[in-house]
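Good morning, and thank you for making the time. I would like to take you through one structure, beginning with a single contact and widening the view from there.

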There are 2 protein chains.
Amino acid sequence: MSPKITTELLKQLRQVMKSPKYVQEPVQAYIVPSGDAHQSEYIAPCDCRRAFISGFDGSAGTAIVTEQHAAMWTDGRYFLQAAHQMDNNWTLMKMGLKDTPTQEDWLVSVLPEGSKVGVDPFIIPADQWKRMSKALRSAGHDLVPVKENLIDTIWSDCPQRPCKPLITLDLSYTGVSWRDKITALRSKMAERKVLWFVVTALDEVAWLFNLRGSDVEYNPVFFAYAVIGMNTIRLFIDGDRMMDPAVREHLQLDSTLEPEFKIQVMPYGSILSELQAVGAGLSPKEKVWLSDKASYAVTEAIPKAYRYLTPYTPICIAKAVKNASETAGMRRAHIKDAVALCELFNWLEKEVPKGTVTEIIAADKAEEFRSQQKDFVELSFATISSTGPNGAIIHYKPVPETNRTLSVNEIYLLDSGAQYKDGTTDVTRTMHFGTPSVYEKECFTYVLKGHIAVSAAIFPNGTKGHLLDSFARSALWDCGLDYLHGTGHGVGSFLNVHEGPCGISYKTFADEPLEAGMIVSDEPGYYEDGSFGIRIENVVLVIPAETKYNFKNRGSLTFEPLTLVPIQTKMIDVNLLTQKE
Amino acid sequence: MSPKITTELLKQLRQVMKSPKYVQEPVQAYIVPSGDAHQSEYIAPCDCRRAFISGFDGSAGTAIVTEQHAAMWTDGRYFLQAAHQMDNNWTLMKMGLKDTPTQEDWLVSVLPEGSKVGVDPFIIPADQWKRMSKALRSAGHDLVPVKENLIDTIWSDCPQRPCKPLITLDLSYTGVSWRDKITALRSKMAERKVLWFVVTALDEVAWLFNLRGSDVEYNPVFFAYAVIGMNTIRLFIDGDRMMDPAVREHLQLDSTLEPEFKIQVMPYGSILSELQAVGAGLSPKEKVWLSDKASYAVTEAIPKAYRYLTPYTPICIAKAVKNASETAGMRRAHIKDAVALCELFNWLEKEVPKGTVTEIIAADKAEEFRSQQKDFVELSFATISSTGPNGAIIHYKPVPETNRTLSVNEIYLLDSGAQYKDGTTDVTRTMHFGTPSVYEKECFTYVLKGHIAVSAAIFPNGTKGHLLDSFARSALWDCGLDYLHGTGHGVGSFLNVHEGPCGISYKTFADEPLEAGMIVSDEPGYYEDGSFGIRIENVVLVIPAETKYNFKNRGSLTFEPLTLVPIQTKMIDVNLLTQKE
C-alpha cells in the first residue's frame, strides 16, 4: 500500500480556503470530518471527503488542514493503516495516547492570532461544533460554517449521491408496523412534552418506516430525513423511489388514512427550509426533539429556545431492544452465516496448504458461500481477511498492494459479516492452518478467556456495558498484554452493524444500560505489530439470567451467543483454561 | 434515632427567604449544600448547615427548601440514615436510582414560573453553579447568589469558626520541603502559561506548606487559602497561629529569603478583595489557575477571560503520588494501626460473650488502643461500629439512641481509622463472635473474593481506577448480589482519608490514571437491610508489577496492601475460594 500523494490537492485546498468565491473571509484552518450529513459511520463514495484529501480511508478520522500543516486524528484501530496510507504532508495524531493533543489544543497551538477555522455545517455534529467553537473562541479564534464544502470544490471527479430502490419489510421481519412505531414515538414525545421529532440518522429513518435501501455500502439505508409531528409525518427523500408500487402500498400513500398517519413526501434538499418553517411556527414552551449529534446545520434551523436535545433518541433506544420477530430473524441469520463459514473453513483447510489462497480470494470465497444462503442481501462491512502481520492492522481490508497469501506458517484472522433480510451478522475467527507457536496459542487463549469472561458475565439489570469491558482484558493484563480497542458494539437487525446506544467499551461512559433484547458484539483481541493479530468475536443477545438472589428483584442479565461458528481448538492452550471456561 | 423536628426551622427559613433584610428579591427556593467554602467533605460544626436545617448529618447530601417543599438528595450510603434522621417535612431523593429527579429537574417541576433560587456563593462550587444556573435559566428561572447565608441567620446557637494551633511537618515526614513544592508548582504553572494559582482546598494548602491543623474533626487541616504567583506567595489565614515560633521558623517568616519564597500572611477574609485586585491587574493572555470545584464566589472574583479551570489541580495530582518518605510513614502508621486493632479484637473476643460491649464502647476501645500508639493524633473519620441490622446502614455512626450491644449472634462491622503524624489509616473488618450462618459466610466470601480480585489485579500503567470497579463485584454478581457504593477512594498521607484524583468507582469517569505511589482503598461490601452489613477494606499502594510481557514497555501496575489487620477466617467459606485466592 503506497501512500496517496496529496501535495497538489493540499495546495488547491489552501487556495480555496482563501478564495472569496467560497468563503466570506479566508479561513486559516479547514476541518474535514469523516461523516456525512447524517453522521453515518459508513458513508457513500460522494461523502468520502476525508479519504479523498488524505488517502486514509479507515472508518474513523478527522483531518485538519492549515496553511502550514495537515493533521489526521484517528484511534488505535487505525494507527498502522493511516501511517501507511498518508504521505509526508500529514501528521498522524494518535488518539487515546497520553501526549496526543486534542484537535482544539492543536489548533490553538499552531494558528496565528484571531484565526478563522472553517467547517461544513452539515458534516459537523452540533455537539462537536459547540465544544470546538467554545475552545477556539476562548483562545481568540472563530469556528465558522462554510456553506459550500471546500473538498467538493476541488474534487473534480466526485461521484453522484446514490438513490437506489427501497426494500419493504413486512411484520414477519419487523414485529411492529411503522404505524405502531410512530404511535410509540408520539407517546415518548408526549412524555417529554415535545411537539416535533426530527429523525436525522439514516438507520433511524429506515427502522421507523420498516424500509431498507442500498445507498450506502454495507448499511441497508437510504438518504432521507423525517420530521414527525403529533399529527403529521414528513419524509424527505429524493428520486423516483416513491413511485414503486410496493413502497406506496407499504407506506399506504394512496390509501384513505387517519390524517395523523398520512405521510407527506418531500424533497431531501428541503429539510432545512421545512425545519425553519416549523421553528418559526412555534410558541414558547413548544419544543423540537433532536439528537445532539444531528448536524450543526439542522440543529441551527431550530431556534435554540425551542430545541430539546438528547444524546440518544427514543428511536435509537427502541431500535436497540429487539422484539421476538427480530430476535428470531437474527437467530436464523446466524445459523445461515455459520453454515457459510463452516463451508469456507472446510475449503480453506483443503486449499491453504496448496499456497494459492490469498486474503482477497479467501474474502471473496466467504462472500460466495454467504451469498448462497437464503435472503442474503450484501456484506455488513468490508471483510477483514488478514494473515500474518496484516492481522495486526486492526481494521485491515486486503487490497492488491497488500494482498498476502495464506500459509501453514501464519495466523489467519477473518472478521466478516453479512446482511440477510432477517438479520445482520458480524463474526471474527482466528485460525492456523499449520502448527501455531506456543506464544501464539498463549495469546489466543488469553483472548478466549476474555471473550468467555464477557459472554458468561452475570450482572444486575440496568448495568451499563462499559462496566464489563475490563472482564475482557483481565487474563491479558495478568501477563502484561492489552488491546487498543473497545470490546463490543451494538448490532442492528438487518441494519447497521455498529449501532448505539449500548456497547462494551472503556471509552464511553454515556452508554445506555443493557436490557434484555439488546444485541452487542463480544470481541477482545491481541495484536503484535509486524507479526500477527488475534480476535475472537461473537454477536451476543442480552437475556435474563437465573441467579441465586436475583439482585433483590432488580433482575439479573447475561448474554447468549447468537454466533454459531466454531472456534479452532488447536489454537487453545487448554492448560491455561479453568474448569468453568 | 428519632428524627429532628424541623417544622419551626423551615418556617423561619421560609420567612428569611422573603425578607428584604437578606435578599434583594424573595427567593422561591433555597439550596443548602453539604460543603464549606473550601468544598470540604468533612466540615467544621459551624458549617454543618444542612444537618442543622434537616437533621440528616451524613457526609453527603443537598437540601432544597421551597415555599411548599423540603427535599434532600443523598446517595446509596445514606438512604437509611437520612430516612431515620429526617421528619415528615422532608422528601428523600435517592440519588443513583432511575426514577429520582435531578435537583434541577425537580426544581423546574415544583417552582412557579419565573422563580428565583438562592444559594450561598461561597458554598456552591463554580461547576455546580454553572450547571444548575443553565438548567434553571432554560426553564425560565434564575439562580441568584445570596451573600448572607440564610441558615446562619436562623441558627441562633451557631458555633464559632475554629482557629486551632498548627503542626509543622519536617522533611522526615514529607520528603519534600514546601519551597521545593512551590518550585514544582511554578514549573507546572509555566507549562500551562498561567501566572497565578489559587489554592482553595484545605488539604491542598496543608500539603503545600507541610503544615497540619485541627480546625476540622478527622481531617488535619486548617482554614486558609493561598495564592501563588511566579514571584509571590500569599497565605490567607486567621488567628494568632502565625505567632507560633515553630510555625514562623518552618515558614521562614523571619529569615532573609529570596523574594519569590517570602510568604505574605493575610487575613482569611481578605481572599476575595485580594483576588479581585489580582484579576484587575491582569493583561490579556495572563491566566489564573483555579479548580473548577472552587466556590462560585472565589471563581467570580477573577474575570472569566482570565480563568484557567481544571477538574484536578497540579497540587491534587502531586499530593496523590506519595514519595518514599510518605510511603514509609504510611507503612509505619499501618503497622501501629494493626497492633491497635489486634489488641481490640483480642479484647472483643473476651468481652463480647459477656454481653456488656455496645457499639459505642467498642468504638471507644478502638480509639483507646489507637491512642496508645506513637504519633497518634486523632481518628481519621467517625468510627463505624455497627452490629446486626446497623451494619446495613453503610455510613452508620453509633449514637445512644441506636447503640446496640455486640453479641455472639450477630455480625459486627468495624470501619475505622486514625491520623498518625506519619500516616492515615482506614480499615474495615467484619467479624462474628459466635457461629456465622451459612448465608452470612457465603456473602462474606463473595465480598472477600471481590476484595482479592481488586487487590491482586494487574493492569497497564495509565489505567483509570474506575475500570477496576467491576472486578470487585463479579463474584457477588454471579449470585445476584451487589452493593450501592464505589469500591475505593484515594487516601491522604496524614491528610484527608478521602482524597482525589484517583479512586475505584463505577460512578466516576474523570478520575486520573493510577500510577505507582498512589494510595487507594479497596472496600467492596454487601448489605442486607434490616439484617447485617459486610465490608472488607484495606488501604493499598499502587506499585509496579512484574508481568511476562510488560505491556510493550508501557509498564505494569498492581496493588500492595498497606493494611495488616487480620481477616477473620471463620467468616470464610473456603469451598467458594479458588486455589489462587
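Let me start at one salt bridge, where the side chain of A:Lys548 meets that of B:Glu442 at 2.7 Å, N to O. Please bear in mind throughout that this is a predicted model.

That bridge belongs to a group: between chain A and chain B the count is 4 salt bridges. Polar contacts across the same boundary come to 12 residue pairs, with both partners at pLDDT 80 or more.

Which elements of chain A supply the side that touches chain B? At least two residues each come from α5 (126-138), α16 (438-455), β21 (459-460), α17 (469-478) and β25 (525-528) of chain A. The largest contribution is that of α17(A), which gives 5 residues to this side. In character, the residues on the side of chain A that touches chain B divide into 16 nonpolar, 8 polar and 12 charged.

Now to the extent of the interface. In contact terms, 36 residues of chain A meet 36 residues of chain B. The two chains bury about 3,000 Å² between them, and carbon and sulfur atoms account for 58% of that area. Within chain A, the residues that lose the most area to chain B are A:Trp477, A:Phe509 and A:Tyr549. Together, these three make up 23% of what that side buries.

How are the two chains related to each other? A turn of 180°, with a shift of 0.1 Å along the axis, lays chain A on chain B with an RMSD of 0.1 Å. This is the relation of a two-fold axis. Both copies use the same surface, since 94% of the contact residues of chain A recur in chain B.

I turn next to contacts counted over the whole structure. Over all chains, a search finds 58 salt bridges. One within chain A joins the side chains of A:Lys116 and A:Asp142, at 3.5 Å, N to O. This pair links distant parts of the chain: A:Lys116 is in strand β5 (residues 116-119) and A:Asp142 in strand β6 (residues 142-145), 26 residues apart.

Aromatic pairs number 36 over all chains. Why is the pair of A:Phe197 and A:Trp289 classed as edge-to-face? The ring centres of A:Phe197 and A:Trp289 are 5.7 Å apart and the planes stand at 75°, so the pair is edge-to-face; planes over 60 degrees apart count as such. Here again distant parts of the chain are linked, with A:Phe197 in strand β8 (residues 196-199) of chain A and A:Trp289 in strand β13 (residues 288-291) of chain A, 92 residues apart.

Finally, some remarks on the backbone. In chain A, the peptide bond from A:Gly500 to A:Pro501 is cis, with omega near 0°. A:Pro501 lies in strand β23 (residues 499-504) of chain A. In chain B, the bond from B:Gly500 to B:Pro501 is likewise cis, with omega near 0°, and B:Pro501 is placed in strand β23 (residues 499-504) of chain B.

Where does A:Asp375 sit? It is found in the loop between α15 (359-371) and β15 (376-379) of chain A. Its phi is near 60°, a positive value in a residue other than glycine.

To return to where we began, the bridge between B:Glu442 and A:Lys548 is part of an interface that buries about 3,000 Å² between chain A and chain B. Thank you; I would be glad to take questions.

Technical notes
Residues are numbered from 1 along each chain as its sequence is written. Chains are lettered from A and ligands numbered from 1 in the order in which they are written. This is a predicted model: local features need pLDDT of at least 70, side-chain atom pairs count only at pLDDT 80 or more; totals for chains, interfaces and linings use all residues. Side-chain values use heavy atoms; hydrogens and water are left out. Copies are superposed by least squares on the C-alpha atoms of residues with pLDDT of at least 70 in both. Contact means heavy atoms within 4.5 Å. Buried area is the accessible area (1.4 Å probe) that two parts lose on being put together, summed over both. A polar contact is a pair of N or O atoms within 3.5 Å; within protein, one must be able to donate a hydrogen and the other to accept it, and residues adjacent in sequence count only if both atoms are side-chain atoms. Helices (H or I, at least four residues) and strands (E, at least two) are DSSP runs, numbered from the N terminus. Ala, Val, Leu, Ile, Met, Phe, Trp, Tyr, Cys and Pro count as nonpolar, Asp, Glu, Lys and Arg as charged, and the others, Gly among them, as polar. Rings of Phe, Tyr and Trp (its six-membered ring) pair if their centres lie within 6.5 Å; planes under 30 degrees apart count as stacked, over 60 as edge-to-face and the rest as tilted.
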